[in-house]
Each structure stands twice: as C-alpha cells, then as structure tokens.
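This report introduces a protein model to a reader who has not met it before. Please keep the sequence and the three-dimensional view at hand while reading.

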Amino acid sequence: MVVAFKVTGGEQGGWAVLHVSGELDLVTSPVLRQKVHDEVAEGRHSLVLDLSDVYFCDSSGVGVLIASRRLIRSCRGRLRLILPARGAAEGSHVNRVLGALGVRRLFDVYADLAAAVDEGTEPLSA
C-alpha cells in the first residue's frame with residue numbers, strides 16, 4: 001500500500017495552517033521543512049502544523065519539527081502542533097515518538113484545529 005505524503009496550506013484565525021498527511025521520514029521531511037520555510041519567508045510567524053494524519057514519523061521527521069520550532073522562535077513567532085490522543089488510525093504516532101524521545105514538552109500541543117487557533121485554549125500537558 002502506497003500512501004502519498006501531502007502538505008496543504010491554509011489560514012485560520014490569523015494562523016498559517018499546514019495539514020500534513022502520510023509518512024514523515026527521510027524522504028518526505030525536506031518537503032515539510034521547505035513549506036515551513038516558505039511560510040516564514042512570506043511573513044507568517046504564527047504557524048500550526050496539523051499532524052493528525054501522519055501515521056509514521058522517524059528521526060528526520062522529529063528533526064524537522066525541532067528545526068521548525070527553532071526557526072519560528074528566532075522570528076519571535078509561535079508554533080503549535082495538532083497531535084490528537086487518537087488519530088491517524090491507531091492513535092497519534094508522532095505524539096508517541098515525541099514522548100519516547102523526551103522532546104514532546106518542547107511543543108505546544110493541541111487536540112484539534114479549533115483549540116490550536118483559539119488564544120484562550122491552553123496546550124495539552126506533556
């Protein structure tokens with residue numbers, strides 16, 4: 001079974017939103033890295049990465065997430081991740097990987113897009 005990797009963009013509530021689906025790995029992570037860089041280059045420094053449809057993430061994918069956080073912070077921007085407790089078939093693989101590596105606490109994580117773009121909603125605990 002081949003599932004295409006896809007990153008689609010949009011905007012909601014003053015936030016740039018990138019919806020990512022498929023496998024985030026050595027082959028596909030440069031695509032996400034470039035999309036994040038494109039958003040920042042266009043002056044959008046409040047970014048939501050919706051990873052709810054990512055069903056696999058390896059170390060290169062984690063590296064892109066950490067690099068994205070660093071880039072956004074260097075612009076005094078904000079990065080939020082959508083990592084639902086249950087998503088992408090058997091649950092959020094990315095959430096489990098970030099937790100296992102001990103880097104989940106670096107990110108502001110939300111359960112869905114509505115919560116991520118709402119300024120009054122607190123991130124989920126690590």
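The model described here is a predicted one. A convenient point of entry is Ala 16, which stands opposite Leu 47 in strand β3.

**The sheet**

Strand β2, residues 15–24, is paired with β3 in the parallel sense, and eight bridges join the two. Helix α1 packs on the sheet, where it touches β1, β2 and β3. The direction of α1 makes about 175 degrees with that of β2. An angle over 145 degrees counts as roughly antiparallel, so α1 and β2 run in roughly antiparallel directions.

The sheet as a whole is open and consists of five strands in the order β1-β2-β3-β4-β5, with mixed pairing. Its edge strands are β1 (6–12) and β5 (108–110), each of which pairs on one side only. From one strand to the next, the twist averages 25 degrees.

Strand β3 also pairs with β4 in the parallel sense, here over five bridges. Of the five residues of β4, four are buried, and the strand is accordingly described as mostly covered. Helix α3 (residues 93–101) lies across β3 and β4 and runs at about 95 degrees to β3.

**Ser 46 and the step from β3 to β4**

Ser 46 belongs to strand β3, which spans residues 46–57. The bridge partner of Ser 46 in β4 is Arg 78. Their side chains also meet: a polar contact of 3.2 Å links that of Ser 46 to that of Arg 78. Apart from residues up to four places away in sequence, Ser 46 touches Gly 14, Trp 15, Ala 16 and Arg 78. Ser 46 has a relative accessible area of 16% and is therefore buried, the limit for that class being under 20%.

**The pair of helices α1 and α2**

How are two packed helices described? The description uses the angle between their axes and the distance between the axes. For helix α1 (residues 29–41) and helix α2 (residues 59–74), the angle is about 10 degrees and the axes are 9 Å apart. Because angles under 35 degrees count as roughly parallel, α1 and α2 are roughly parallel to each other.

On the α1 side, the contact is made by Ser 29, Leu 32, Arg 33, Val 36, His 37 and Val 40. They meet Ser 60, Gly 61, Val 64, Leu 65, Ala 67, Ser 68, Leu 71 and Ile 72 in α2. By class, the contact comprises eight nonpolar, five polar and one charged residues.

Two serines of this contact can be followed in detail. Ser 29, in helix α1, is in contact with Leu 24, Ser 60, Gly 61 and Val 64 when neighbours within four places in sequence are left aside. Its C-alpha atom is separated by 14 Å from that of His 19, ten residues apart along the chain.

Ser 60 is found in helix α2. With the same sequence neighbours left out, that is, residues up to four places away, Ser 60 touches Asp 25, Leu 26 and Ser 29. The side chain of Ser 60 reaches the backbone nitrogen of Leu 26 at 2.9 Å. A polar atom of that side chain also lies 3.4 Å from the backbone oxygen of Asp 25.

**Val 94 in helix α3**

Val 94 lies in helix α3. Setting aside neighbours within four places in sequence, Val 94 is in contact with Leu 51, Val 54, Cys 57, Leu 65 and Leu 83. Val 94 and Leu 24 are 70 residues apart along the chain, while their C-alpha atoms are separated by 9.0 Å.

**Arg 76 in a loop**

Arg 76 is located in the loop between α2 and β4 (78–82). Most residues other than glycine have a negative phi. The phi of Arg 76, by contrast, is positive, with a value near 60 degrees.

**Accessibility of selected residues**

Which of these residues are buried, and which are exposed? The table lists five of them.

| Residue | Relative accessibility | Class |
|---|---|---|
| Ser 46 | 16% | buried |
| Ser 29 | 4% | buried |
| Ser 60 | 18% | buried |
| Val 94 | 0% | buried |
| Arg 76 | 80% | exposed |

Arg 76 counts as exposed because its 80% relative accessibility falls in the class over 50%.

Note on methods: Residues are numbered from 1 along each chain as its sequence is written. Side-chain values use heavy atoms; hydrogens and water are left out. Buried means under 20% relative accessible area, exposed over 50%, partly exposed in between (1.4 Å probe, protein chains only). A polar contact is a pair of N or O atoms within 3.5 Å; within protein, one must be able to donate a hydrogen and the other to accept it, and residues adjacent in sequence count only if both atoms are side-chain atoms. Contact means heavy atoms within 4.5 Å. Axes are lines fitted to C-alpha atoms, for helices over the stretch in contact, and angles run from 0 to 180 degrees between N-to-C directions. Angles under 35 degrees count as roughly parallel, over 145 as roughly antiparallel, 65 to 115 as roughly perpendicular and the rest as oblique. Ala, Val, Leu, Ile, Met, Phe, Trp, Tyr, Cys and Pro count as nonpolar, Asp, Glu, Lys and Arg as charged, and the others, Gly among them, as polar. Two strands pair if DSSP finds at least two bridges between them.
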